[in-house]
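User: I would like to go through this model by asking what justifies each label that is put on it. Please set each value beside the cut-off it depends on.

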Amino acid sequence: MIDMVKFVKVIPIASKVGTVTIRYPYDKPLVTESFRGAIEIDPAKCVGCGACTRICPPKALTLVQEGNTLILRYFVGRCIFCGMCADVCPEKAITITKEFELATDQIHDLYTDVEHELVECERCGTKFVAKKLLDKVKSIVEVLPEDRAKLCPNCRRLETLSRAATPR
Amino acid sequence: MPDYQLLYKYLRNIASSEPIDENTEKFVLQKDHLLEVAKVISRFEGVYLRTMTASDERNVNGFYKLYYVFGIDSLHKNIVLEVPIPEKDASAPSIADYVRAADWYELEAHDLMGIQFSRELPQNFVLPEDWPKDVYPLRKDYSIEDLVKLYRPRIEAQAREIGAEAALLIPIGPYHPALHEPEHFELYVVGEKIVDVKYRGFMVHRGIEKLAESMKYDQVPFLAERICGICGYVHSTSYCQAVENALKLQVPERAEYIRSIILEIERIHSHLLWLGVAFHLIGYDTGFMHMWRIRENVMILAELLTGSRKTYGINIVGGVRRDIDEEKIKKCLAVLDNLEKEFKNLIDIALAVPQVKSRLRGTGYLPPSEAAQLSLVGPTVRGSGLPRDVRRDYPYAAYKYVGVEPVTRSEGDNMARAEVRVGEVFQSIELLRQLLDKIPRGSIALESWEPEANKHGIGSVEAPRGEVIHYIITGRLSPYRWRVRAPTYQNLPAVPIMLRNGDLADAPLTIASIDPCFSCTDRALVIDLKSGKSRSIPLVLLAQKGFGALR
């Protein structure tokens, strides 16, 4: 074929291919099996350790204290769907879903909270750790001194020091 | 209606008054009282600032003067506040907080009369940015003749410099019509010919190098990947390689293969995207549609292998986070076979279209000597015949296990750069076949590693647009310093050379021919105010002015 009219060869290609766009949302799913979408936190498994909040690159996961409650807050508006939180969660409480239809006209739809009861320091009253996390640690660490477990880190340090300094 | 007599009474108390005409009364005010008076006036409804003028009366009475004209609509009366400003201390309180309309007036008085106001003001609100310092044209020290001698508009000087009596300035940007990124080119044209070009950039500085200093090592790859929306994986790879090199970490071989595989997939989709945009720019939208249609399969493939169409998020220091199994390799090969066939068919047709050929051939010429001198990278330099390719020259990831021979063309025009990219799509498909075939078994990331402070490392990657290079100085928990250099940073100085003596209509394509990524380039604040080609960035100032004016 002469080079000058070679471009017409695109016509049979185009007619063979036809329409390539999908009739979303009625057609087959848009995402593959590997797709990473929004995360889901299982409140039963989460102990409120905050490991996910420390790795989260865009700070979509945060720990907030409101009164007696420790809240693990997931704001999907900031989420970059990297799934690092699921990688580091020691309790495997976080799963990566394929959810991507996240648009909403209500900003509070973008927040998910997991609430945790806090333990008070027996001495100074500071709320310092989620009860579930303390129970978890107690169940793992056998030699944890029971009398100091309910002291906040600062009071525990003072207590340990004062015991060490007191002549027996 | 407020009792305006109270206002008059107050003013007469604080200032000496003098009627100008039957409706206008002037009050001479010490500048220390100005702010208080403005506060009082602002409380009276229906009183508004009509104008303000600064005048140089040093010859007459030794003072600069500010005249604020307030109007009272319902009384049809004017109040003029005259505020003498001594020559020795040419400053005045700003009343813009109370009388918001005063904002621009003060800016003007500042620029043209050199009155300092008690607030931060941007330089050169009215005057051109290259206006000589400390020359206030409305002061009586200067006659028109003096000013003409003191300042020649830059465009005039430039026109003379390039020997064009009738050069016309055509701005492209601050937003590129096709690339959807902020940049600004000033094209000087005589007729249809471009005779000179200036570039201004750094409009989207994002401060990410600084941000990374407060992030942990394993968080930064996700930030790095967001430097570029098209070839982000090259940045996370560069970063990880820099840290690994600094800390002498040996990445598992399988991870190196996976990185190379994803990098080549990224190159294919990026080149197909570019070819589509290029066809769109020269009006061949059929080509654009088909390039993007076949690109879609590559996007889906990337998602299958990494979990995301773009910003793959699988790089961490010490390896990768997602493995590739036999089934994925099979799918990958099937997609590549299909792509190779379709791409070959379509690109043959597209490059044979007479209009496409004539728009690409001979336009945007970049001589090899200039390409070499400017240390250009990527398809831009390879299109001018220089075989520079990081994959071959500084092997990284799995490129040491497969041979990479740079694709080059010697013509140096837009067609050459397009053909380099076409060649590289085929090359990437071939490389991927080798990589997928040779990929060894093993782990995909280091179990653990310890950061060590004050180690230096370089990581470089051949991105679709050219060489990306990251420099790391390690800190204990975060990078101490992280320096990013994207390919466009290196390639932009070539654009004015390509544009000169070309047709105006070819400018958009020629600018696009380096596949520029302005946001990537602007990631850091490195501005040499003295250097000739890229000048200072007035947008920061413009933004200040805008907000100041709207406040």
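User: What makes β2(B) and strand β5 (residues 77–86) of chain B a pair, and do they run parallel or antiparallel?

Analyst: In this predicted model, 5 bridges join β2(B) to β5(B), and the two run parallel. Two strands count as paired if there are at least two bridges between them, so β2(B) and β5(B), with 5 bridges, meet that condition. Within this pairing, B:Lys26 stands opposite B:Val80 in β5(B).

User: How do you know that strand β1 (residues 16–21) of chain B is paired with β2(B), and which way do they run?

Analyst: The same kind of count applies here, since 5 bridges join β1(B) to β2(B) and at least two are needed. These strands run antiparallel, and a hairpin of 2 residues joins β1(B) to β2(B). B:Glu18 stands opposite B:Lys26 in β2(B), and B:Lys26 in turn stands opposite B:Val80 in β5(B).

User: Why is strand β2 of chain B called mostly covered?

Analyst: Strand β2 comprises residues 24–28 of chain B, and 4 of its 5 residues are buried. A residue is called buried when its relative accessible area is under 20%, so the description "mostly covered" rests on 4 of the 5 residues in β2(B) falling under that limit.

User: Why is B:Val484 called buried?

Analyst: The relative accessible area of B:Val484 is 0%, and the cut-off for buried is under 20%, so B:Val484 qualifies as buried. B:Val484 is part of strand β15 (residues 479–485) of chain B. Between B:Val484 and B:Ile472 the separation is 12 residues in sequence, and their C-alpha atoms are 8.9 Å apart in space.

User: Why is B:His271 called buried, and which residues does it touch?

Analyst: B:His271 has a relative accessible area of 0%, and therefore it lies under the 20% limit for buried residues. B:His271 belongs to helix α10 (residues 253–281) of chain B. Leaving aside residues up to four places away in sequence, B:His271 touches B:Pro379, B:Arg421, B:Glu424, B:Val425 and B:Pro464, where a contact requires heavy atoms within 4.5 Å.

User: What makes B:His76 exposed while B:Ser375 is called partly exposed?

Analyst: B:His76 has a relative accessible area of 62%, and exposed means over 50%, so B:His76 is exposed. B:Ser375 stands at 34%, which falls between the limits of 20% and 50%, and therefore B:Ser375 counts as partly exposed. B:His76 lies in the loop between β4 (63–72) and β5 of chain B, whereas B:Ser375 lies in the loop between α14 (368–373) and α15 (378–382) of chain B.

User: Why does the backbone of these two residues deserve a remark?

Analyst: Most residues other than glycine have a negative phi. Phi of B:His76, by contrast, is near 55°, a positive value in a residue other than glycine. B:Ser375 likewise has a positive phi, of about 55°, although it is not a glycine.

User: Where is there a cis peptide bond in chain A?

Analyst: The peptide bond from A:Tyr24 to A:Pro25 is cis, with omega near 5°. A:Pro25 is found in the loop between α1 (10–17) and β1 (39–41) of chain A. Most peptide bonds are trans.

User: How many helices and strands does chain A have, and how do you know that it is more spread out than a compact globule?

Analyst: Chain A has 6 helices and 6 strands, which follow the pattern α-β-α-β-β-α-β-β-β-α-α-α along the sequence. The radius of gyration of chain A is 27 Å, well over the 15 Å that the globule rule gives for 168 residues, so chain A is more spread out than a compact globule. Along its principal axes, the C-alpha trace of chain A spans about 105 × 35 × 25 Å.

User: What percentage of the residues is buried in chain A, and what percentage in chain B?

Analyst: In chain A, 33% of the 168 residues are buried, and in chain B 56% of the 551 residues are buried; a residue enters either figure if its relative accessible area is under 20%. Chain A exposes about 10900 Å², with carbon and sulfur atoms supplying 56% of it. For chain B the accessible surface comes to about 24000 Å², of which 54% belongs to carbon and sulfur atoms.

Terms used
Residues are numbered from 1 along each chain as its sequence is written. Chains are lettered from A and ligands numbered from 1 in the order in which they are written. This is a predicted model: local features need pLDDT of at least 70, side-chain atom pairs count only at pLDDT 80 or more; totals for chains, interfaces and linings use all residues. Side-chain values use heavy atoms; hydrogens and water are left out. The radius of gyration is taken over C-alpha atoms; the globule rule is 2.2 Å times the number of residues to the power 0.38. Buried means under 20% relative accessible area, exposed over 50%, partly exposed in between (1.4 Å probe, protein chains only). Accessible areas come from the Shrake-Rupley method with a 1.4 Å probe; for residues, only the protein chains shown count as cover.
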